[in-house]
Amino acid sequence: MADRRRPQLTAPLTALTTLARRPRPNGLSPEPATRLELPGRGPKVIDNAVYSHGKRVATAESPAESRTLLQLADGFTESRLAWLGLYRPEPRQVGELAELFDLPELAVEDAIHAHQRPKFERYGETLFVVLKAARYLDAREEVEFGELHLFLGRDFVITIRHAESPDLARVRRRLESDPELLAKGSESVLYAILDAVVDGYLPVLAGLDKDIDEIELEVFRGDPKVSRRIYELSQEVLDVQRATAPLSGICAAIAAGFEKYGVDEELRAYLRDVADHVTGINERVDAFRSQLRDILTVNATLVAQRQNEEMKTLSETSIAQGEEVKKISAWAAILFAPSLVGGVYGMNFDHMPERTWVYGYPFALALMLATSLTLYVIFKRRDWI
């Protein structure tokens, strides 16, 4: 930001030191949940370099030394730029940077607490940018997010990384290999980091696209677990959208300051290119959400169809069983009638009128046959047999 003058602090430096020691509010964990834990990677300064005309001229041992190297006898030199990269710094370290580089208090508080949404804020002549980087983990088929905070002034860039992504070492190497670009000031660093974050979403989208294709196949195969996977993938796509949607506003806010702050024409073109990529990414994310909604609808329809078919099969089975029960009941009734008559005439009572009747036995047989035939005709007419 070559044509700006450093603003004076509106609050004592000790206020920022006090801010750095404030306890975290309840409900905020000290580290983002998406951070990838690696052994031996504690809070520290990853790199601390001072550049002159785009070339590294010194590697400072501390932020205070960087501040000293930027100062000359006659004040600040516009040809020098300090770039400090920190990984999960402690509040004390952020407070030290706030004092040395006159960082805005509200932005420092956000950087300490983390868990911020992507945003772009201007405090006087200091920019504060929050970005959400992402990477796709093939082994677990999920997206991991990392939070990145940037403070940009006329002659300094401070990057605070709360996760393993993005790989700012690669961004630094890219800029150091192009001194002409780096010599354009802190805006060049902002462009390079923003470009790296946006490019990092391309493999994420490719991974999500692959997952959606797999889900489509599972839906038509009738996998019973596919509904849960659709829901989980929908949540991942929503998280990606929350991270990428604000990038359009960030690019627009940067572009709005092109004229006022005299941003180099080449950088303007680069940033417009990044904005185009952001638009394409957001369109693909919107398409993913629509596609997942359609898949969920199709899956619900297929599940309903399968349930209807199952109910139809159960109904048909129940009807068939009912028919069998009717047949069994009808034949049981037909066979029960002769048994009843035979049981009555088989009782050994002394005083039964028919015992002395000559035609008693033929009559009993005829009665059994007639009763059975009558029941058979009745059940036949009712389609029970």
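A residue is classed as buried when its relative accessible area is under 20%. In the predicted model described here, Arg268 has a relative accessible area of 9% and is therefore buried under that cut-off. Arg268 belongs to helix H9, which spans residues 265-345. When neighbours within four places in sequence are set aside, the contacts of Arg268 are Phe258, Glu259 and Val263.

A second buried position was examined in helix H8, which comprises residues 226-256 and contains Val226. The relative accessibility of Val226 is 1%, so this residue also counts as buried. Beyond residues up to four places away in sequence, Val226 touches Ile215, Glu218, Val219 and Asn299. For the pair Val226 and Ile215, the C-alpha to C-alpha distance is 6.8 Å, at a separation of 11 residues in sequence.

The nonpolar interior was then considered. In soluble globular proteins, nonpolar side chains tend to be buried together. The largest nonpolar core of the model holds 59 residues, among which Leu131 and Ile193 touch the most other members. Helix H7 (residues 186-221) makes the greatest contribution to this core, supplying 15 residues. A second core, separate from the largest one, consists of 21 residues, including Ala82, Leu86, Ala107 and Ala111. With neighbours within four places in sequence left aside, Ile193 is in contact with Leu131. The other contacts of Ile193 on this basis are Trp83, Leu148, Leu150, Thr159, Leu168 and Val171.

Burial was also resolved along helix H3, which covers residues 91-101. The buried residues of this helix are Gln93, Val94, Gly95, Leu97, Ala98 and Phe101. An α-helix has 3.6 residues a turn, so residues three or four places apart point the same way. Just after H3, Asp102 adopts a positive phi of about 55°.

At the surface, Trp357, Val358, Tyr359, Phe363 and Leu367 form a nonpolar patch of about 540 Å². One of these residues, Leu367, is located in helix H10, which runs over residues 360-381. The relative accessible area of Leu367 is 32%. Because partly exposed residues lie between the limits of under 20% for buried and over 50% for exposed, Leu367 is assigned to the partly exposed class. Membership of a patch requires over 30% relative accessible area, and the 32% of Leu367 therefore satisfies this condition.

Technical notes: Residues are numbered from 1 along each chain as its sequence is written. This is a predicted model: local features need pLDDT of at least 70, side-chain atom pairs count only at pLDDT 80 or more; totals for chains, interfaces and linings use all residues. Side-chain values use heavy atoms; hydrogens and water are left out. Patches are made of residues with over 30% relative accessible area and no salt bridge: like charges are joined within 9 Å, nonpolar side chains (Val, Leu, Ile, Met, Phe, Trp, Tyr) within 5 Å. Accessible areas come from the Shrake-Rupley method with a 1.4 Å probe; for residues, only the protein chains shown count as cover. A salt bridge is a side-chain nitrogen of Lys or Arg within 4 Å of a carboxyl oxygen of Asp or Glu. Helices (H or I, at least four residues) and strands (E, at least two) are DSSP runs, numbered from the N terminus. Buried means under 20% relative accessible area, exposed over 50%, partly exposed in between (1.4 Å probe, protein chains only). Contact means heavy atoms within 4.5 Å. A nonpolar core is a set of buried Ala, Val, Leu, Ile, Met, Phe, Trp, Tyr and Cys residues joined through side-chain atoms within 4.5 Å.
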